[in-house]
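The following exercises concern helix packing, strand pairing and backbone geometry. Each task is followed by a worked solution.

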Amino acid sequence: MNRRFFLKSGSVALASVGMSLSAPSFLGRIVLGNTPVGGKRKTLIAIFQRGAVDGLNVVVPFGEANYYELRPSIAIPKPGNSDAAINLDGFFGLHPSMSAFKPLWDSKRLAIIHASGSPDNTRSHFDAQDYMESATPGVKSTSDGWLNRYLRSKQDKDQSLFRAVSMTKTMPRVLQGSAPAVAMSNLSEFAIRAGKSSENLQGGFEAIYARETEDSLAGTGRETFEAVNYLKKANPAQYQPENGAQYPRTPFGTSLLQIAQLIKAGVGLEVAFTDIGGWDTHVNQGNSRGQLANLLQQFSSGIAALYQDLGQRMDDVVVLTMSEFGRTVRENGNRGTDHGHANAMFVLGNGVKGGKVYGQWPGLKSDQLNEGRDLALTTDFRDVFGEIATRHLGSSDVKSVFPSYTVTQSKFKGFLS
Amino acid sequence: MRKTVALILLFLLTQPLVFAQKHRSLSEEQRIIHVLNRLGFGARPGDVERVKAMGLEKYIEQQLHPEQIADSAAETRLRELSVLNMTTAELYEKYPQPGQLLRQLQARGMMPEEMQADAAKNNQNQPPANPLDNEKNRKVIEEYYRDNGLQRPQRIIAELQASRILRAVYSERQLQEVMVDFWTNHFNIFANKGADRWLLPAYDRDTIRPNALGKFSTLLQATAQSPAMLFYLDNFQSVSPNANQGRRGGLLQPLRPQQQQQQQRPRRGINENYARELMELHTLGVDGGYTQKDVQEVARCFTGWTIFQPRGGGAAVNAMMGEAGRRNAGTFFFNARVHDDGEKMVLGHKISSGGGIKDGLTVLDILAHHPSTAKFIATKLVRHFVSDTPPQSLVDRVAATFTKSDGDIRETLKAIFFSKEFNSTEAYRVKIKRPFELVISAIRTLGADTNGGPGTHRWIERMGEPLYGFQTPNGYSDAAESWVNTGGLLERMNFGLALANNRVQGTTVSLAKTNGEQAKVMDEYLKTLLAGDISAATREALLKQLEPSDPATKVVGLILGTPEFQRQ
């Protein structure tokens, strides 16, 4: 059986109609696709919390008097009380529904970067997500996402078709661009889906695309079926959760489970992305219990399950969480919080120097707040992304990943060595 | 390996043959098919014959004047989509956000008893859950929607999407629909940005449609004054930093859901977002010769171009302004009090102080008549109608027509449709259909019946082109490279199979029974779907796949997934 990959970049030569003089780019880039291409490659799993999570109730600064002052009904009690924050370092604590993270903190595999985010002051979800994904805050015309620019900046010698996978229905902004990436809402849907006739019909399409030589689409068609067949053979679904990991039975939990399956199947996954919404808690946010608590429980238990499931493989994996901005320090009239500024990010992995809250803490006194209302920003998200791109993924051209921004080692927080 | 090399060699050998076809003009039959594909969304059964009988020239002329084409079949199909005829104010009223509704009821003391009781309970120490997360409250709200004839806001965009699908499939005014698609994408708006969901039906009806084939300057001004664009690109909150906002807070801040107050609160200062995109994406193009200083000056000119009640009125406004306030919610207005009335300099033109609303109008006039705009619009139109790599000579001629006709879109299009480049084999079936075009053309060529509902739209979304679903202002790409990728192509094949097997909800295809003569059946469908334009290799591969027992659904499903059907 022909198990060769016809691989090419995202660009398509319109060869059939003589619009392009260049030979199709898959020429000369034919590689053996028989063996798993992943090996020991490094993988980043990026998770976007869409809607702006209230970082001050996630990584709680219980050492700040003003925190309790400004949040009379939604604050998380100090350690020692019932429903209290989980003490991390005597000043910060985790939301009590995130107990799944505690063992990872204790074993120094979970790092927190607090007061981090976008330097742009927009309070629009739309713009802020856009900026976080393009990593060009304030510039809307950037056409590609930073993870795509990363892929482009580094040659993949294995040319894996599953180098970048987004477990989302459409390609997220962060992975849009000229480097190939695959978006799918579910692994089981990456196939010809026609019930009993699926195999027969796939065979039909394969035959059509194999014979076609005039149309540049045919190259993509062949590539598609190589990928479908490769995935079928790799059969990631065969990998059941290990080490007693239990994923939440939610779309988020399923996405994480399937990312883990792709890693175990050795398909060459380098960048994985997924997202989880529902963080826009303007009304009745709750404190130790309530809507934010429920969502944080799902969020943290999902990531902890992934960690447990991947076990030793976490040597080569980093999980990064992000959200477009934080929320107001003061609770509003509806026992919720409004759009704010800086936020907290998590970085997890066996190679992470965890057990520490990184970043300068700006304080919560009124004169320390951004515009008198929000947690001020002390770490630009590009310094966090840059550290991961450089030290974990091994990018040597980080300048092209973060245009018009200087990413230097001196700005890194040091959560990776 | 040997096979691969052979394939590649064959591929290379075919190249010169393809080039030899350059500049050959199309046959009469091909021209008709080409026009039906490019000026419309593909030929329905019988369309080619109808155009032949009428004469192609006359058909094109007619398409350029949609107002003269009767369109009762499409109009009948649209009858049940009630959002299309509602004002924005009515949409705010009939399609409220559940959270907003809840708050309004609270504020008016009109909350159903059950929920009052819950609210009281929630006042105790235990933090309450989101009232809408609670089964009982959800039921009460649901009942309130039902009892008062209200609908969820998601419904608005679902109906608008359905109207676009139905019109593209059934309207006789095919070019009008193609241009609506083109301009909607050129002046892109994302439905999920704040209030835009409520503002988009008016945008489609009052801004894009009436101007799709008119003067570019009129269309440009209509978009500049459309609440949907003012909201999407933030101009509605762009104010002169020196402006005295006075009573603004009192009048313009009625009851609003908390989550919206944040974005809504007028920030004192200029917002450059619209000014930048206006030049970069709507008129001059990114290299059109403007500077950051121009962006700032243009932004100053548009301060005060805003929306009356951008998120709907509500009780407070009604109390203060009565019926007029209610009726005008979500419409354009110029707020002179927040306008920067100083002198400005835009692209070398001095705009004197004290111009008020005229400042913005002057800017639009300068931009609509700028040579960079003619070039930018001509390039985009040629890319859309002719090829991904627009021939420079044609772009120049089309730009000249645009300028000479004072930006008359109809005249500009004529320059394309009657050009030798458009009517050459080089342009024939080279454009990759975007997902919307693929779905519509499949339904049309098969003569299928559709209700245009979410079942159909979901496929367009899966293939990556949800209508009003593109976040950033640049709109969907019109070039093949954005649409040809593994995931996307797989979904195209799956769509073809689903359609042929009647698994697209709300859409029905009736295929003739096959009688065992596979080659004949296949050739009939190749004629229906592709006018027989299929490569020998594809035809041979197709035929090999078919067995006498195979149903027509297989033949059609496979043809819809061929490389040939992805092109137009």
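The exercises below refer to this structure, which is a predicted model.

**Exercise 1. Determine how helix 5 of chain A and helix 28 of chain B are oriented and which residues form their contact.**

Step 1. The helices concerned span residues 198–211 of chain A and residues 536–545 of chain B; their axes lie 8 Å apart at an angle of about 155 degrees.

Step 2. Angles over 145 degrees count as roughly antiparallel, and helix 5 of chain A is therefore roughly antiparallel to helix 28 of chain B.

Step 3. The crossing of helix 5 of chain A with helix 28 of chain B is right-handed.

Step 4. Helix 5 of chain A contributes A:G204, A:A207, A:I208 and A:R211 to the contact, while helix 28 of chain B contributes B:A537, B:T538, B:E540, B:A541, B:L542, B:K544 and B:Q545.

Step 5. Sorted by class, this contact of helix 5 of chain A with helix 28 of chain B holds five nonpolar, three polar and three charged residues.

**Exercise 2. Classify the orientation of helix 24 and helix 25 of chain B, and describe their contact.**

Step 1. Helix 24 (residues 435–445) and helix 25 (residues 454–462) of chain B cross at roughly 140 degrees, and their axes come within 8 Å.

Step 2. The range for roughly antiparallel begins over 145 degrees, and the range for roughly perpendicular is 65 to 115 degrees. Helix 24 and helix 25 of chain B are therefore oblique to each other.

Step 3. The handedness of the crossing between helix 24 and helix 25 of chain B is right-handed.

Step 4. On helix 24 of chain B the contact residues are B:P435, B:F436 and B:V439; on helix 25 of chain B they are B:T456, B:W459 and B:I460.

Step 5. The contact of helix 24 with helix 25 of chain B has five nonpolar residues, one polar residue and no charged residues.

**Exercise 3. Establish which strands pair with strand 7 of chain A, and in which sense.**

Step 1. Strand 7 of chain A covers residues 110–117, and eight of its eight residues are buried.

Step 2. Strand 12 (residues 343–348) of chain A runs antiparallel to strand 7 of chain A, with five bridges between them. Here A:I112 stands opposite A:F346.

Step 3. Strand 13 (residues 356–358) of chain A pairs with strand 7 of chain A in the parallel sense over three bridges. A:I112 stands opposite A:V357 in this strand 13 of chain A.

Step 4. Strand 14 (residues 379–380) of chain A is also parallel to strand 7 of chain A, over two bridges. A:G117 stands opposite A:D380 in strand 14 of chain A.

**Exercise 4. Identify the edge strands of the open sheet with the order 4-6-5 in chain A.**

Step 1. This open sheet of chain A has three strands with antiparallel pairing.

Step 2. Strand 4 (59–60) and strand 5 (86–87) of chain A each have a single partner strand, so they stand at the edges, with one side of each left without a neighbour in the sheet.

Step 3. Strand 5 of chain A pairs with strand 6 (residues 93–94) of chain A over two antiparallel bridges, and the bridge partner of A:I86 is A:L94.

**Exercise 5. State where A:D83 and A:N235 lie, and assign the exposure of each.**

Step 1. A:D83 is a residue other than glycine with a positive phi, near 55 degrees. A:D83 belongs to the loop between helix 1 (65–70) and strand 5 of chain A.

Step 2. A:D83 has 13 C-beta neighbours inside 10 Å and therefore counts as partly exposed.

Step 3. A:N235, again not a glycine, has a positive phi near 45 degrees. A:N235 lies in the loop between helix 6 (217–234) and helix 7 (251–264) of chain A.

Step 4. A:N235 has 11 C-beta neighbours inside 10 Å and therefore counts as exposed.

Note on methods: Residues are numbered from 1 along each chain as its sequence is written. Chains are lettered from A and ligands numbered from 1 in the order in which they are written. This is a predicted model: local features need pLDDT of at least 70, side-chain atom pairs count only at pLDDT 80 or more; totals for chains, interfaces and linings use all residues. Axes are lines fitted to C-alpha atoms, for helices over the stretch in contact, and angles run from 0 to 180 degrees between N-to-C directions. Helices (H or I, at least four residues) and strands (E, at least two) are DSSP runs, numbered from the N terminus. Angles under 35 degrees count as roughly parallel, over 145 as roughly antiparallel, 65 to 115 as roughly perpendicular and the rest as oblique. A crossing is left-handed if the near helix is turned anticlockwise from the far one by less than a right angle, and right-handed if clockwise. Two residues are in contact if their C-beta atoms, placed from the backbone, lie within 7 Å. Ala, Val, Leu, Ile, Met, Phe, Trp, Tyr, Cys and Pro count as nonpolar, Asp, Glu, Lys and Arg as charged, and the others, Gly among them, as polar. A residue is buried if 20 or more other C-beta atoms lie within 10 Å of its own, exposed if 12 or fewer, and partly exposed in between; C-beta atoms are placed from the backbone. Two strands pair if DSSP finds at least two bridges between them.
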